[in-house]
Amino acid sequence: MRFFYMMFLFVSLSACQADEIVEHQQDMPTRAQLTAWNTGAVRDVSAILGANDISGQAHCNRFRGQVSFSETDGTITIGPLISTRMACPQLSSEAEFLSQLQSVSTFTKLSNGIELRTPTGETFRFEPVTTP
């Protein structure tokens, strides 16, 4: 699975809209922060989304993988993802996060970000990060 432009190739995007995330990724990386995973708030997860790849920092480990998407039908594929293997207290939730991220199949542009969805209903909401 490819995507994430996924997770996280971000370059200064002041006041970036979701449209700009998708359009911008064609020519330069875009930095985003995960603000919600399913119904809960999330901290310390970021991603850099490029035209063909994604990289980022999960709760503890860094990850990287391929991404592809179609703006025409709103489909997206992420993965396979690889990650570092540092020992941290939240490894089970991080493993679940990375697994669900690789199962993402659709996306929706939002007024301030993008929402990714798996076929079973899990959601990820990313918002652009403004770099000073």
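**View 1. The whole chain runs α-β-β-β-β-β-β-α-β-β-β when you read along the sequence.** Keep in mind that this is a predicted model. The tally comes to two helices and nine strands. Of the 132 residues in the protein, 42% are buried. The fold also brings together parts that are far apart in sequence: take the contacts between residues at least 6 apart, and 56% of them join residues at least 24 apart.

**View 2. Cys60 and Cys88 form a disulfide.** The two sulfur atoms sit 1.5 Å apart in the model. This pair ties together distant parts of the chain, 28 residues apart. Cys60 belongs to the loop between strand 4 (53-57) and strand 5 (62-70), while Cys88 belongs to the loop between strand 6 (75-83) and helix 2 (91-102). A disulfide is a covalent bond between the sulfur atoms of two cysteines. Cys60 counts as buried because its relative accessibility is 12%, under the 20% cut-off. Cys88, at 23%, is partly exposed. If you go looking for another disulfide, a search of the whole structure finds just one.

**View 3. The largest nonpolar core has 22 residues.** The residues with the most contacts inside this core are Phe63, Ile78, Phe97, Leu101, Leu116, Phe124 and Phe126. Plenty of elements chip in: strand 1 (30-37), strand 3 (46-49), strand 5, strand 6, helix 2, strand 8 (113-117) and strand 9 (123-128) each give two or more residues. Zoom in on Ile78 and you are in strand 6. Ile78 has 0% relative accessibility, so it counts as buried. The C-alpha atom of Ile78 is 6.7 Å from that of Val104, though the two residues are 26 apart along the chain.

**View 4. Helix 2 lines up its buried residues on one face.** Those residues are Glu94, Phe97, Leu98, Gln100 and Leu101. Look down the helix axis and they fall within an arc of 165°, which is why they can be said to line one face. They pack against strand 1, strand 5, strand 6, strand 8 and strand 9. The length of helix 2 checks out too: its 12 residues should span 16 Å at 1.5 Å a residue, and the end C-alpha atoms are 17 Å apart, which agrees.

**View 5. Strand 3 pairs with strand 1 and with strand 4, antiparallel in each case.** Four bridges join strand 1 to strand 3, and four join strand 3 to strand 4. On the strand 1 side, Ala32 stands opposite Ala47. On the strand 4 side, Ser46 has Gln57 as its bridge partner. The connection from strand 3 to strand 4 is a hairpin through three residues. Now check the two faces of strand 3: Ala47 and Leu49 make up the covered one, whereas Ser46 and Ile48 make up the uncovered one. In a regular strand the side chains alternate between the two faces of the sheet.

**View 6. Strand 7 and strand 8 form a hairpin.** Two residues make the link between these strands. Strand 7 (residues 106-110) runs antiparallel to strand 8, and five bridges join them. To get your bearings in this pairing, find Lys109, which stands opposite Ile114 in strand 8. Strand 8 turns up in other views as well, as one of the contributors to the nonpolar core and as one of the strands that the buried residues of helix 2 pack against.

Notes:
Residues numbered from 1 in each chain as written. Predicted model: local features only at pLDDT ≥ 70, side-chain atom pairs only at ≥ 80, totals over all residues. Heavy atoms only, no water. Disulfide = S-S within 2.5 Å. Buried < 20%, exposed > 50% of the residue type's maximum accessible area, 1.4 Å probe, protein only. Core = buried A, V, L, I, M, F, W, Y, C linked by side-chain atoms within 4.5 Å. Pairing = 2+ DSSP bridges. Expected span 1.5 Å × (residues − 1). Arc of directions from axis to C-beta. Contact = heavy atoms within 4.5 Å.
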